[in-house]
Structures are given as structure tokens and as C-alpha cells.
Amino acid sequence: AYAHGHAKHYQLGWWIAAETELTISAALGDLGAVLGLPSHLPPTQLVGRLHQVLAERDGWLLVFDNADDPVIVEPFLPKVGRGHVLLTSRNPAWQGVADPIPVDLLSLATATRLLQQRTGNTDKHAAETLAEQLGRLPLALEQAAAYIGAQHLSLGRYLELYQARHAELLARGSPVGYPATVDATFGLALDRLRDNNQAAAELLEMCALLGPDQLPIHLLLSEPECLPDTLASVARDPLEVEETVGALYRASLLISDVRDTGRMHRLVQVVVRQNLPLVHQDPRLDQAVQLLAALFPPDAWEPRNWPRCDLLLPHAQAVLDHVDRRHHFTPPAAVLLTHVATYLRARGLHGRAREPDEKALAMRQQLYEGDRSDVASSPSTSSPYRSRHE
């Protein structure tokens, strides 16, 4: 957007794929040829000569795209000259090399207009709803618009398909001017993470089953016995914890909040869940349920525990939704349902407490045969708290 808006201010502009040293060297070699430098120069000499040429010129812009590692990119950056360098990166840690400018999601109004303009469809309600469900992520909006145009769909029809088959649609459609879909883009980042940092990948998989906002990362790592093996080992070492969490922030798979929490874009969650190997799906869900059951205060009726309950409630509800969809009923899931119901009732939300109460009872009846104390003491049949307050 910057290059497009300020093109008249530059006589030379060059786009550089900056994922690796090889891609940077190749792009700068092409630029050197345009500027008349010998093609036979070794890479280090070519970069030095190129920097000399740029130092003597005015009005140039170099865009280093997808520059995720400052250590790789820094040697290729011109140190002097009368031009500008712009880097795009998922990694926010560029202090000392460049001035970071955070780029947030599009506003709902802008995302809605983008869908309407790209598709030629004026259905504002469908565009707003779809923009919100796509998390106002530009790549997802472009991809959806491309698919709508290719298939001659209305916005309303695509919205219906997305609500029923969202994971598949994230892999379909060719965004204009970008080589990869949402699924491929985040899937590649996830594959790299699994190759380089298994603990961070396991943490990401756990977070993908929770709510997208206000993820209490350090609290989630405070119960190692409930975590996957590699992550559990890391969770016992404070330094390794920070490095593991930092890997997710650098990849922008997790976004840091002002408070001690993180955010995970909803579409990243979808892609991570979709790319989770079948053999890990039930174990990860079990671990997420066990973790929240362990973190949720059992005496949730006590006001001193309400701040933690408030923080954990949306994540408990999210993971219990996955339990429902997969019909994966376990004793820890019943315990978590009971904790949620107890807290909702303690806050006076009796109507909302009824559903988790009844689900906990039904789950225990399905899990246990005959006369069991687990069933007899289920809140829907006999709750000390209910007998005192209802």
C-alpha cells in the first residue's frame, strides 16, 4: 500500500522476497543487473557494490517482503543513501534494525467495502457478516472474493457455504497478487514451527482449541502434568517458557496483548485444527479439557475466585464446544462442565447454568453404569450450592 501510494516519489523500486539468504541474493542480483553491475560477482561483493551504487542515487525504495529473521536480513540492508527500505514481517522484534509499525486487522467498514468492491455485490449485511467471520484478515477477504468471482456466487451463498465448510474454503480460491491461500500460508508457518520448535507447536495446538482472545499463556503453562510431553518439559523451565512463547509471537501465530495474555486469530485456529494429525486430535482435546478442569477453581462460588473464573470461562466454553462436536465424553469434561455451571450459578446466571449442569449429568450417566456417586452428586440431581441458594 505504501509503495502504491508513494510511487511518484521514487525513480527506482525493487521488491525482494526476504524469507532466506538465497531469495534475497537472487533478488538483489536481478537488481544489480538492472543497474549495470557485472553478473559474475560473488554475492558478498555484489551486495557491497550495490550498496555503493544506491548510496549515490536519489529516490529509491527497496521492499524486503516476509523478512522474518533480522539476523538474515540485516547484512543486506543499505547503511547509507538517499532512499528508503521497507520490510514486511510477521516478527515484531526489529528494534535496533528498523522502526516497527504494527499493522492491525482491517476495520469492519473497510473489510465490508473490500468484499463489495471485489465481488461487485452490494449485499451489505452478507458482506459485514462474512467480513466478521473471516476475522477481517485481508488475505482471507481477497481469497473469498476470488472464489466468489470464479464460481459466480453471491455473497450470501458463499456465506452459507463458509458457515458449513469453512475449513475447506480456506484452502480454495486464488487471492489476487498473492501466491498462497490462508490455509497454505498459515499451514507453512505451522510446518516450520513443528520442524524447529515442537513445544511451541504443541502450545499452538492447545490454544487452537480455546477461545481466540485473552489467552492466559503463562497460566496455561502452570500445570505441566496436563500438557503434551515436549511442552510439559519446557513448562518446568521459566527460560524455556519465554523462548517457546516468543517463537509464537515472532511467527505472528500468537499476538501479544497489553495485559499478560495473547490473542490467536480465529482463522489461524481453524488452520491449526485442520492440520492437526488425526492421531493427535483426541489426545490434544483431552489435554485441553484436563488443563482447564485443573485450572478452574472447584469452589467457584467464592468471590475471590471470580477473576480467574472470568478469564477461563470463554476458554472452557470453547473446548466444551469441541467436546460436543466430537462426542468425546470423558470424566474431566464432566468435571469441567460442573465447574462452569457452579460459577454461572454463583453469578446469578441460573438459566445459563442449566445447560452445563444437564450435560454433566448426561455425560456421567453415559460414562458410568449402575449406582455411582459421580452421578448421584451431579449438580443437576443434588447440589449443595443449589440447596442453599435456590
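In this predicted model, the side chain of His-265 comes within 3.0 Å of the backbone nitrogen of Leu-267. The His-265 side chain also reaches the backbone oxygen of Gly-135, again at 3.0 Å. His-265 itself sits in the loop between strand 5 (262-263) and helix 14. The residue counts as buried because its relative accessibility is 12%, below the 20% cut-off. Beyond its neighbours within four places in sequence, His-265 is in contact with Leu-105, Leu-134, Gly-135 and Leu-137. Gly-135 thus appears both among these contacts and as the residue whose backbone oxygen the His-265 side chain reaches.

Charged pairs were examined next. Side chains of opposite charge can pair when their charged atoms come close. The structure holds 18 salt bridges. One of them involves Arg-266, a residue of helix 14 (residues 266-274). Its partner is Asp-213, with the closest N and O atoms 3.5 Å apart. Asp-213 lies in the loop between helix 10 (198-207) and helix 11 (217-220), so the pair ties together parts that are 53 residues apart in sequence. Both ends have some access to the surface. Asp-213 is partly exposed, with a relative accessible area of 36%. Arg-266 is also classed as partly exposed, at 44% relative accessibility. Elsewhere, salt bridges that share partners join Arg-194, Glu-202, Glu-205 and Arg-284 into one network.

A further salt bridge forms between the side chains of Arg-118 and Glu-142, at 2.7 Å from N to O. This pair links distant parts of the chain. Arg-118 belongs to helix 5 (residues 108-119) and Glu-142 to helix 7 (residues 138-151), with their positions 24 residues apart in sequence. The two partners fall into separate accessibility classes. Arg-118 counts as partly exposed because its relative accessibility is 45%. Glu-142 counts as buried because its value is 14%.

The salt bridge of Arg-157 and Glu-160 lies within a single helix, helix 8 (residues 155-169). The closest N and O atoms of the pair are 3.0 Å apart. Because the two residues are 3 apart in helix 8, about one helical turn separates them. An α-helix has 3.6 residues a turn, so residues three or four places apart point the same way. Arg-157 is partly exposed, with a relative accessible area of 39%. Glu-160 is likewise partly exposed, at 47% relative accessibility.

Asp-229 was considered separately. This residue is placed in helix 12 (residues 229-235). Asp-229 counts as exposed because its relative accessibility is 68%, over the 50% cut-off. The C-alpha atom of Asp-229 is 8.9 Å from that of Glu-202, a residue 27 positions away along the chain. Glu-202 is also a member of the salt-bridge network with Arg-194, Glu-205 and Arg-284.

Helix 17 covers residues 331-346, 16 residues in total. The distance from its first C-alpha to its last is 23 Å. This is close to the 22 Å expected at 1.5 Å a residue. Helix 17 is mostly covered, with 13 of its 16 residues buried. Just after helix 17, Gly-348 adopts a positive phi of about 85°.

Methods. Residues numbered from 1 in each chain as written. Predicted model: local features only at pLDDT ≥ 70, side-chain atom pairs only at ≥ 80, totals over all residues. Heavy atoms only, no water. Helix = DSSP H or I, 4+ residues; strand = E, 2+ residues; numbered from the N terminus. Buried < 20%, exposed > 50% of the residue type's maximum accessible area, 1.4 Å probe, protein only. Expected span 1.5 Å × (residues − 1). Salt bridge = Lys/Arg side-chain N within 4 Å of Asp/Glu carboxyl O. Polar contact = N/O pair within 3.5 Å; in protein donor to acceptor, adjacent residues only side chain to side chain. Contact = heavy atoms within 4.5 Å.
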